[in-house]
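I sat down with this model to look up a sheet and a couple of chain contacts. My notes follow in the order I made them.

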There are 4 protein chains.
Amino acid sequence: MNPRGFASDNNAGIHPALLDAIIQANVGHVIAYGDDPYTAKAKEILSQHFGQDTEAFFVVNGTAANVLGLATITDSYHGIICAETSHIEQDECGAPEKFTSCKLVTIPTPDGKIKPSFLTSCFHDIGFEHHVQPRVISISQATEMGTVYGISEIKELANFAHNHNLLLHMDGARIANAAVSLNCSFREMTTDAGVDVLSFGGTKNGLQYGEAVIFLKPGLGNDFKYIRKQGMQLVSKMRYIAAQYIPYFEKEIWKTNAMHANRMAQMLRDNVAALPGVTITQPVEANGVFAVVPKRVIKPLQDKYFFYMWNEEKSEVRWMTSFDTSEEDIKGFTEMLERLLRNQQ
Amino acid sequence: MNPRGFASDNNAGIHPALLDAIIQANVGHVIAYGDDPYTAKAKEILSQHFGQDTEAFFVVNGTAANVLGLATITDSYHGIICAETSHIEQDECGAPEKFTSCKLVTIPTPDGKIKPSFLTSCFHDIGFEHHVQPRVISISQATEMGTVYGISEIKELANFAHNHNLLLHMDGARIANAAVSLNCSFREMTTDAGVDVLSFGGTKNGLQYGEAVIFLKPGLGNDFKYIRKQGMQLVSKMRYIAAQYIPYFEKEIWKTNAMHANRMAQMLRDNVAALPGVTITQPVEANGVFAVVPKRVIKPLQDKYFFYMWNEEKSEVRWMTSFDTSEEDIKGFTEMLERLLRNQQ
Amino acid sequence: MNPRGFASDNNAGIHPALLDAIIQANVGHVIAYGDDPYTAKAKEILSQHFGQDTEAFFVVNGTAANVLGLATITDSYHGIICAETSHIEQDECGAPEKFTSCKLVTIPTPDGKIKPSFLTSCFHDIGFEHHVQPRVISISQATEMGTVYGISEIKELANFAHNHNLLLHMDGARIANAAVSLNCSFREMTTDAGVDVLSFGGTKNGLQYGEAVIFLKPGLGNDFKYIRKQGMQLVSKMRYIAAQYIPYFEKEIWKTNAMHANRMAQMLRDNVAALPGVTITQPVEANGVFAVVPKRVIKPLQDKYFFYMWNEEKSEVRWMTSFDTSEEDIKGFTEMLERLLRNQQ
Amino acid sequence: MNPRGFASDNNAGIHPALLDAIIQANVGHVIAYGDDPYTAKAKEILSQHFGQDTEAFFVVNGTAANVLGLATITDSYHGIICAETSHIEQDECGAPEKFTSCKLVTIPTPDGKIKPSFLTSCFHDIGFEHHVQPRVISISQATEMGTVYGISEIKELANFAHNHNLLLHMDGARIANAAVSLNCSFREMTTDAGVDVLSFGGTKNGLQYGEAVIFLKPGLGNDFKYIRKQGMQLVSKMRYIAAQYIPYFEKEIWKTNAMHANRMAQMLRDNVAALPGVTITQPVEANGVFAVVPKRVIKPLQDKYFFYMWNEEKSEVRWMTSFDTSEEDIKGFTEMLERLLRNQQ
């Protein structure tokens with residue numbers, strides 16, 4: 001088996017420079033639970049990048065970043081509008097419902113992206129107590145389908161949300177991949193585009209673990225410290241999460257890693273799109289490639305380069321690239337796929 | 001300020017051998033969310049230590065280990081019996097109530113240890129639907145007061161629990177300190193003593209982060225994987241938690257670290273007990289020393305060696321030692337305390 | 001305004017014989033919270049009708065009957081499969097999510113009725129902790145669309161459920177209307193058809209308030225008394241709920257009322273179906289009539305006979321009949337509708 | 001067995017004038033869920049009595065009134081301060097924890113009444129995320145011990161609460177008994193004394209069922225309609241709750257009933273206090289009498305006049321009087337008790 005597969009960007013390990021930050025932080029005692037100089041510095045860096053009126057808090061993983069961020073801005077009778085394909089709807093084993101008590105109001109989309117025009121059906125019975133009241137639109141940037149919202153699309157959604165007394169939440173588990181895809185700063189795509197609350201992801205882009213919930217409007221995160229603690233996400237040795245954020249930003253590792261992963265996805269798409277029997281099913285705008293391939297090639301390919309079936313019925317698969325995917329991986333994978341495809345059975 | 005204080009054992013960092021395990025595990029891709037060889041090996045080691053019929057799951061922190069373990073064995077209308085001083089009652093910002101919906105039924109104790117004779121008041125109205133129904137006794141080993149249950153005391157509580165249709169849960173945030181204090185194996189104090197569910201802690205004894213919930217009876221943990229995921233505690237790069245457990249057990253780092261921390265606590269107690277104006281308030285059986293000292297010495301002492309006030313009214317403080325506390329730390333601290341005490345104002 | 005409209009069967013009052021039962025029960029003291037002779041007798045009657053192995057509990061309203069019944073048979077990480085049009089999905093302001101923490105997994109249907117063939121998409125990722133695990137199929141009998149499952153359709157769903165390790169829940173808010181529609185006993189349609197848990201409704205058929213949660217398999221309801229109390233649904237003066245159930249069954253008021261309401265719905269459909277510009281959109285199998293009518297007639301009609309818009313975009317309305325709808329009501333309504341339709345504007 | 005016992009004021013039935021209001025309201029259709037003229041009138045009456053800036057909502061029972069009222073003014077990480085003997089702590093099977101997720105912070109009291117001086121221990125660690133943050137003081141008026149707060153005591157608690165950024169909640173399950181005890185209006189004891197949220201009880205004073213949650217400050221109840229619906233407490237045929245409130249206030253039935261019940265309690269106390277072997281343990285300020293009596297008399301007395309043991313160990317019993325307790329009941333009870341006491345065994 002190849003040392004690296006295409007299953008998920010979180011199958012990759014820690015980027016060496018971030019691991020080094022962990023090692024360097026392993027000196028003496030610091031006050032636990034985030035009252036340490038690493039956390040102070042990391043939060044300062046985040047406010048430089050997202051705006052001085054923003055406030056960032058570290059949690060362990062993306063599930064918690066999304067759930068606790070949403071819990072902070074909702075009451076139990078609210079509805080959270082999201083795409084049918086969104087991670088909060090599909091992949092959290094009901095964590096949002098458990099912790100927020102909200103109903104997830106799902107929207108079908110062709111490519112994982114919500115457009116304002118899709119939302120009309122959510123706005124019946126406002127003020128009518130028999131129905132959950134919509135409060136948040138949650139979008140993923142990049143989406144779970146490997147697509148990326150343009151800045152103007154985000155602004156349009158933010159305007160729509162604010163005009164309807166809603167907030168805009170962004171699940172940024174792959175926010176670095178989106179930023180390099182759009183060639184913009186984090187801030188242009190979030191604070192400046194009108195996003196209210198952001199789950200800032202890093203684990204899928206080379207961090208060990210540790211995501212940030214960033215409140216982009218003053219006051220929104222006032223209660224978050226209690227919600228995080230009650231949400232079981234306040235880690236004692238927070239310095240090891242925070243320490244990674246310092247080189248992640250200062251050395252622009254987020255950018256290097258995400259550019260590489262995205263480039264690998266483009267290369268993979270370019271290589272396989274030409275092969276007979278392969279159909280690319282989504283635009284490749286970040287680090288994921290979705291394709292329909294003949295069923296017979298899947299198992300042998302997975303044995304060498306592990307990846308997941310996306311849609312059994314359609315024989316659609318998902319290939320994710322990561323910061324450590326090599327050109328050799330792509331080449332070897334493509335050659336093996338080509339061989340399997342030509343190998344008539 | 002001294003590089004190490006006495007605030008908490010989780011103000012210390014990562015033990016070098018455990019950090020090395022993290023570094024060694026940083027190779028290639030492994031399947032995320034625990035389906036990796038490090039996790040498999042760590043779980044195997046835990047079942048060797050706790051019994052082949054036990055099952056272990058990794059979570060991030062002690063809050064989650066306790067809350068999710070308790071959630072697995074309770075229904076929402078149950079009562080969880082615990083000491084008034086217990087961590088689940090005092091220090092979790094209501095996380096147990098939020099996630100389990102149970103009422104915590106608190107028992108006053110002189111030293112953090114529950115005895116069966118304290119429990120009579122909990123057993124009125126069994127079967128009466130107006131009252132929460134007691135379901136679990138949760139004890140801390142070592143306790144938050146630095147005391148340790150003897151094996152026979154645990155057995156007695158387990159018998160009491162099982163005779164009353166309850167389960168026995170152990171918060172083992174400092175289980176290694178207790179084991180070396182009793183000079184016994186983990187198993188003698190848990191599985192063999194009748195404990196049903198254990199929060200196995202390591203973070204306070206040199207791990208980066210990562211605790212284990214261990215179900216000590218077959219079948220008890222069947223649903224835990226869903227509860228962990230819905231509880232936002234399934235980390236993607238689980239290998240870095242699991243990898244630490246391998247040397248932690250194979251090199252007996254748990255024992256070396258805990259023996260050292262306990263010895264430092266004994267030394268600290270021996271040194272300060274003799275000083276005029278210092279009263280030791282709890283038996284020193286693990287790595288915590290509780291003492292009443294004159295108010296005037298506290299602030300200057302904290303400035304050099306940070307620690308927490310335990311009881312403002314009584315002028316009682318808590319000093320915790322850790323795996324990296326040095327004899328020089330103890331010596332310097334004692335000398336400074338003595339100087340401050342003698343320094344009449 | 002006419003004294004009776006077509007808005008909902010719960011806009012009607014109490015059937016006189018049931019009110020009389022309340023009056024007759026108003027004598028002396030009885031033990032509160034259900035330990036009274038009226039409740040004992042009512043439960044005995046229900047077990048005669050549903051089977052000696054069944055167990056019934058009274059709650060106040062249909063919201064609670066559904067939510068607490070479902071809570072009893074689910075864990076928080078389960079999925080509850082229901083029709084998109086179901087009351088638990090549409091009309092409970094998120095009460096099921098709040099109290100059960102489960103995700104509602106919705107199925108589109110043409111007529112409010114789930115068929116086994118619609119369920120394939122719900123059964124991916126069984127045993128995979130990232131997804132909620134389906135545990136219950138919840139159907140409404142009669143449905144919110146005025147249609148009724150045949151006994152064989154219920155049996156088919158029950159078999160499907162039990163073969164997939166699921167339970168079958170029935171929201172019987174209008175169960176009497178369904179029973180007379182099928183000309184069968186309650187038992188044939190529930191216990192004997194394989195239903196596991198039933199919300200037995202009466203409020204929409206002439207009771208003041210008071211529904212029953214009936215567990216149709218031994219043991220299923222063992223914990224319900226605690227869940228009901230914690231769910232805020234244990235009323236002290238339960239005798240006034242229970243007392244109504246005695247004549248409701250002994251004098252077959254359930255049947256008389258439901259037959260009348262259903263007959264009125266048939267008459268209404270027959271009368272209006274022939275009118276120009278009216279399209280009946282659902283089979284009229286219980287006491288609801290769904291129709292598309294020209295927008296211009298709706299407001300004046302509502303002013304005299306209040307009813308609700310069902311689908312604004314389609315100009316589809318819902319007309320419900322009840323136990324006290326009179327033939328004059330139908331006649332007057334039809335004439336007014338006809339007049340409005342002919343009145344070209 | 002005597003037709004009336006001393007078990008609880010909710011073992012009594014419906015006062016005839018209130019039953020009559022139910023009967024009179026049973027005419028034609030009205031819009032369900034509270035949009036009916038009875039509810040409008042009852043709410044108007046309540047705002048006359050409590051103040052034009054107050055807002056009242058009907059729910060079914062006292063459990064719900066307390067839990068939903070508290071849920072409206074808390075976040076999940078808050079602490080609710082209450083007496084150890086309070087109904088929300090003792091008798092709700094964990095409903096407050098389940099629905100609010102808050103911790104109940106209990107205060108020991110000699111007589112069920114909280115004094116500001118008891119509260120010091122609750123105010124450590126404000127702003128410290130490891131602890132629940134106190135947000136509400138909840139008092140019962142009258143208390144579960146049959147005592148009554150004086151108006152100045154309530155004002156003192158309200159001031160204390162507001163000075164500490166808390167709200168004051170009153171469980172008024174027996175508010176009428178307290179009002180007649182103090183010979184004051186409801187308003188003097190609530191709105192004017194600084195109470196923020198009130199559970200207004202009537203079921204224990206002659207109503208069938210139906211309590212009101214009254215928000216006494218503008219804006220506090222803005223979201224309550226959603227919380228009530230999601231809390232499963234919005235009844236469809238609300239007219240039958242509301243209709244009772246009209247004569248309850250307009251004919252001052254609340255006052256007549258409560259004065260009678262209180263007078264009966266005074267008579268009972270006067271009669272039994274003189275008997276040998278009876279010790280009255282609480283001031284009789286409302287409609288409950290607490291007494292220690294010899295164990296041997298309890299069972300035979302209960303067989304004729306049912307009542308509850310309050311404290312098994314102390315042989316302390318609770319006798320409640322109600323609106324329909326007769327002087328003959330008191331006389332017969334006293335005579336029987338006297339006979340049993342004199343009957344040496």
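Before starting, I fixed what I would call a salt bridge: a side-chain nitrogen of Lys or Arg within 4 Å of a carboxyl oxygen of Asp or Glu. I also kept in mind that this is a predicted model.

**Chain D against chain A**

With that rule in hand, I looked up D:Arg228 and A:Glu129, whose side chains form a salt bridge at 3.7 Å, N to O. The rule gives two salt bridges across this interface of chain D and chain A. I also noted eight residue pairs in polar contact there, both residues at pLDDT 80 or more. On the chain D side, helix 9 (residues 224–230) gives the most, with six residues. Sorted by class, that side of chain D holds six nonpolar, six polar and six charged residues.

Next I checked the extent of it. Chain D and chain A each put 18 residues into the contact. Between them they bury about 1,700 Å², with 52% of it on carbon and sulfur atoms. Which residues of chain D lose the most area to chain A? I found D:Tyr77, D:Glu129 and D:Tyr226, together 42% of what that side buries.

**Chain A against chain B**

Here I have 54 residues of chain A touching 54 residues of chain B. The buried area is about 4,600 Å², and carbon and sulfur atoms give 56% of it. A:His29, A:Met232 and A:Lys237 supply 20% of what chain A buries against chain B, more than any other three residues.

I counted two salt bridges between chain A and chain B. I looked up A:Glu92 with B:Lys229, and their side chains meet at 3.3 Å, N to O. Polar contacts come to 43 residue pairs, both at pLDDT 80 or more. Several helices of chain A give two or more residues to this side, among them helix 1 (16–24) and helix 5 (95–100). Helix 3 of chain A has the largest share, four residues. By class I get 27 nonpolar, 18 polar and nine charged residues on the chain A side.

**The sheet in chain C**

Last, I traced an open sheet of seven strands in chain C, order 1-7-6-5-4-2-3, with mixed pairing. Its edges are strand 1 (55–59) and strand 3 (103–107). From one strand to the next, the twist averages 25°. Strand 2 (residues 78–83) and strand 4 (residues 133–140) of chain C run parallel and are joined by five bridges. In that pair, C:Cys82 stands opposite C:Ser138.

Technical notes: Residues are numbered from 1 along each chain as its sequence is written. Chains are lettered from A and ligands numbered from 1 in the order in which they are written. This is a predicted model: local features need pLDDT of at least 70, side-chain atom pairs count only at pLDDT 80 or more; totals for chains, interfaces and linings use all residues. Side-chain values use heavy atoms; hydrogens and water are left out. Two strands pair if DSSP finds at least two bridges between them. Axes are lines fitted to C-alpha atoms, for helices over the stretch in contact, and angles run from 0 to 180 degrees between N-to-C directions. Contact means heavy atoms within 4.5 Å. Buried area is the accessible area (1.4 Å probe) that two parts lose on being put together, summed over both. A polar contact is a pair of N or O atoms within 3.5 Å; within protein, one must be able to donate a hydrogen and the other to accept it, and residues adjacent in sequence count only if both atoms are side-chain atoms. Ala, Val, Leu, Ile, Met, Phe, Trp, Tyr, Cys and Pro count as nonpolar, Asp, Glu, Lys and Arg as charged, and the others, Gly among them, as polar.
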